[in-house]
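User: I'd like to learn how to read a ligand site. Can you walk me through one?

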Amino acid sequence: MNKIDLDGHIAIVTGGAQGIGFAVAERLAESGAQVASWDLAESNEAAMEKLGSSGLAVSCDITDWNSVTQALAQTRDALDTPNILVNSAGIAGPNALVEDYALDDWQRVIQINLTGTFHVNRAVLPEMKSANYGRIVNIASIAGKEGNPNASAYSASKAAVIALTKSLGKETAGHDIAVNAVTPAAARTRIFDQMSQEHIDYMLSKIPRNRFLQVEEAAGMIAWLVSPENSFTTGAVFDLSGGRATY
Ligand SMILES: NC(=O)c1ccc[n+]([C@@H]2O[C@H](COP(=O)([O-])OP(=O)(O)OC[C@H]3O[C@@H](n4cnc5c(N)ncnc54)[C@H](O)[C@@H]3O)[C@@H](O)[C@H]2O)c1
């Protein structure tokens with residue numbers, strides 16, 4: 001494992017209780033950062049205990065602006081002002097054709113994946129701008145580039161996260177702030193519980209490496225993207241698709 005120096009950095013990882021978010025939280029803590037996992041899962045506390053004194057569990061629903069501002073205040077009080085943000089909280093939603101897609105499922109996927117990601121970016125940016133430093137990674141998906149069948153809400157929400165990231169990259173480029181997105185292919189986490197086996201098989205069949213992404217592989221790329229060394233690239237989309245993406 002490469003050494004990335006995040007000594008003294010304060011990171012928020014949304015959805016850090018499990019899956020990709022937890023792998024990122026672990027990697028950032030191993031690199032010297034203090035990490036606050038903002039998650040609504042009960043398991044968040046136990047997950048952060050695994051990081052010892054480097055982990056802080058903050059109960060937060062990213063769809064609720066008040067919950068986000070409270071989580072920021074709690075993080076600042078316990079650690080310090082965050083200068084790293086990784087937005088990993090997200091859901092897949094059900095697999096269905098557009099004409100069969102339940103209206104409330106559509107709203108929920110957009111609320112969490114897009115509006116929640118917007119909320120957290122919105123909350124942390126003023127202090128990053130004042131400090132003239134910040135590193136943000138929004139976790140999108142290969143589905144946001146390609147549009148997976150039977151996953152329209154998810155694909156649309158992730159395409160929007162890519163566009164949000166590009167807008168933010170330009171808005172903050174006058175500061176030492178980098179806002180980038182990553183687009184993973186499928187990684188075997190508990191998000192698979194929300195998907196049909198047919199959909200999981202479809203996603204695997206599209207990956208030229210012929211295997212799922214490991215969460216540690218995502219964490220490795222993200223840890224570099226939130227390090228001071230990533231000082232030029234912003235508003236960009238980093239591939240984690242095992243050869244699937246063609247752009
Ligand atoms: N695993 C994959 O195949 C895959 C592929 C591409 C992109 N992604 C993206 O990576 C991110 C992480 O996925 P994962 O596989 O680790 O999923 P996961 O289901 O293992 O973890 C998601 C976490 O988000 C939290 N969360 C959900 N709604 C929340 C809310 N409103 N407020 C706060 N926390 C909330 C959950 O409690 C959970 O801990 C997601 O954005 C997902 O869309 C995953």
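Analyst: Let's go through the ligand and its surroundings. This is a predicted model, where local features need pLDDT of at least 70, side-chain atom pairs count only at pLDDT 80 or more, and totals for chains, interfaces and linings use all residues. Residues are numbered from 1 along each chain as its sequence is written, and side-chain values use heavy atoms, with hydrogens and water left out.

User: Which residues come nearest to the ligand?

Analyst: A residue is near a molecule if one of its heavy atoms lies within 4 Å of it. Here 29 residues surround the ligand, and I20, D39, Y154, A187 and T189 come nearest. By class, that shell has 17 nonpolar, eight polar and four charged residues.

User: What about polar contacts?

Analyst: Look for a pair of N or O atoms within 3.5 Å. An oxygen atom of the ligand lies 2.4 Å from an N or O atom in the T189 side chain. A ligand oxygen is also 2.8 Å from a polar backbone atom of A187, and a ligand nitrogen is 3.1 Å from one of I62.

User: How much of the ligand does the protein bury?

Analyst: Accessible areas come from the Shrake-Rupley method with a 1.4 Å probe. Taken alone the ligand exposes 830 Å², and the protein buries 95% of that.

User: Is Y154 buried or exposed?

Analyst: Buried means under 20% relative accessible area, exposed over 50%, partly exposed in between (1.4 Å probe, protein chains only). Y154 has 15% relative accessibility, so it counts as buried. In space, Y154 is 11 Å from Y101, C-alpha to C-alpha, though they sit 53 residues apart in sequence.

How values were computed. Polar contact = N/O pair within 3.5 Å; in protein donor to acceptor, adjacent residues only side chain to side chain. Nonpolar A, V, L, I, M, F, W, Y, C, P; charged D, E, K, R; others polar.
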